[in-house]
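The following note sets out points for a colleague who is reviewing the model below. The points move from the overall make-up to a single strand and its neighbours, and then to the ligand.

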Amino acid sequence: MKRLHLLVLALVALSLAPLHAQDGAGGAKPQPLPPSPEVYMGRRIAQTMHYLGAEWLTRDTREREERATLMLENLGVEKGMTVCDMGCGNGYHTLRLAEMVGPEGKVLGVDIQREMLQFLMERAKERNIENVVPIHGSPIDPHLPEGEVDLILCVDVYHEFSHPEQMLAAMRRSLAPGGRVALVEFRAEDPQVPIKPLHKMSKAQINKEMVANGFKLVEEYDELPWQHLMFFAKDE
Ligand SMILES: C[S@@+](CC[C@H](N)C(=O)[O-])C[C@H]1O[C@@H](n2cnc3c(N)ncnc32)[C@H](O)[C@@H]1O
């Protein structure tokens with residue numbers, strides 16, 4: 001029954017009008033991707049979550065399990081900011097960020113799956129939210145504007161980047177002066193967190209990869225039930 005439901009959902013998604021997402025490729029033929037390392041600095045890279053599973057991202061129990069409200073309150077988001085929700089999926093956090101930055105700010109919702117962006121924009125429309133910009137990224141380039149983004153939020157996505165070095169380099173270039181990257185990942189150190197090991201990361205591993213790519217740890221928030229929240233800035 002659930003499979004049938006997912007199939008119907010997929011058919012509906014595919015039949016919807018084409019999404020007008022920004023696409024940095026400018027209509028040019030996409031370039032072939034370099035091979036993914038598959039294992040990066042000792043960590044096996046997880047497979048991308050498929051859009052057919054998007055309903056899981058908006059499940060009723062998510063707020064209780066992850067305390068997303070507490071996470072959002074501790075990001076330092078202010079009115080007027082430009083925030084990127086990297087790997088935004090169907091917009092569970094994007095829409096709330098859009099309210100937090102207000103009409104004078106904007107949220108760039110980046111995803112590599114067009115279907116996820118379609119779901120995001122349908123949900124934004126239902127709520128009359130107009131300050132969300134969908135961006136169809138590639139696995140090596142999120143197509144963000146350079147030097148303009150105050151905060152890049154990555155919830156449960158960094159461990160899925162097939163090309164972490166290229167993504168981190170592009171994210172680094174996109175940061176405005178004083179801009180930060182907030183990584184939210186399920187805690188690998190904690191066996192009580194009921195998530196498959198491939199989809200968890202330890203603080204040590206996160207820090208190792210970020211430092212190797214020109215970032216420095218500037219803040220941590222340790223009060224979330226299942227996840228690390230770590231803030232990184234450019235290490236000049
Ligand atoms: C597990 S989902 C999390 C979605 C959302 N952040 C949330 O917490 O509800 C991961 C999302 O990241 C996207 N993704 C994976 N690799 C990406 C990349 N290199 N750039 C942008 N999005 C990516 C996937 O398509 C998927 O929608």
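How many helices and strands does the secondary structure of the protein come to?

1. Overall make-up. The secondary structure consists of seven helices and 10 strands. The model is predicted. Of the 236 residues in the protein, 36% are buried. Among contacts with a separation of 6 or more, 72% are between residues 24 or more positions apart.

2. Confidence. The mean pLDDT of the protein is 91, and 87% of the residues reach 70 or more. Residues 1-18 require caution: pLDDT stays under 50 there, and the model has six contacts beyond four places in sequence for this segment. Where pLDDT is low, the predicted coordinates should not be read in detail.

3. Strand β4. This strand covers residues 106-111, and six of its six residues are buried. Lys106, Leu108 and Val110 point one way, whereas Val107, Gly109 and Asp111 point the other way. In a regular strand the side chains alternate between the two faces of the sheet. Both sets in β4 are buried, and they include the charged residues Lys106 and Asp111.

4. Pairing with β3. Strand β3, residues 82-86, pairs with β4 in the parallel sense over five bridges. One bridge joins methionine 86 to valine 110 of β4. The connection is also of interest: β3, helix α4 (residues 94-101) and β4 form a right-handed β-α-β unit.

5. Pairing with β5. Strand β5, residues 132-136, likewise pairs with β4 in the parallel sense over five bridges. Valine 107 stands opposite valine 132 in β5, and leucine 108 stands opposite valine 133. Burial in β5 extends to four of its five residues, and the strand is mostly covered. Helix α5, residues 114-126, takes part with β4 and β5 in a right-handed β-α-β unit.

6. Ligand shell. Which residues come nearest to the ligand? Of the 23 residues around the ligand, they are Met49, Gly87, Gly89, Tyr92 and Val155. The shell divides into 14 nonpolar, six polar and three charged residues.

7. Points to retain. Strand β4 has parallel pairings with β3 and with β5. It also belongs to two right-handed β-α-β units, one containing α4 and the other containing α5. Any detailed reading should set aside residues 1-18, where pLDDT stays under 50.

Methods
Residues numbered from 1 in each chain as written. Predicted model: local features only at pLDDT ≥ 70, side-chain atom pairs only at ≥ 80, totals over all residues. Near = placed C-beta within 6 Å. Buried ≥ 20, exposed ≤ 12 C-beta atoms within 10 Å, placed from the backbone. Pairing = 2+ DSSP bridges. Right-handed = clockwise from strand over helix to strand, strands pointing away. Contact = placed C-beta atoms within 7 Å. pLDDT = per-residue confidence, 0-100.
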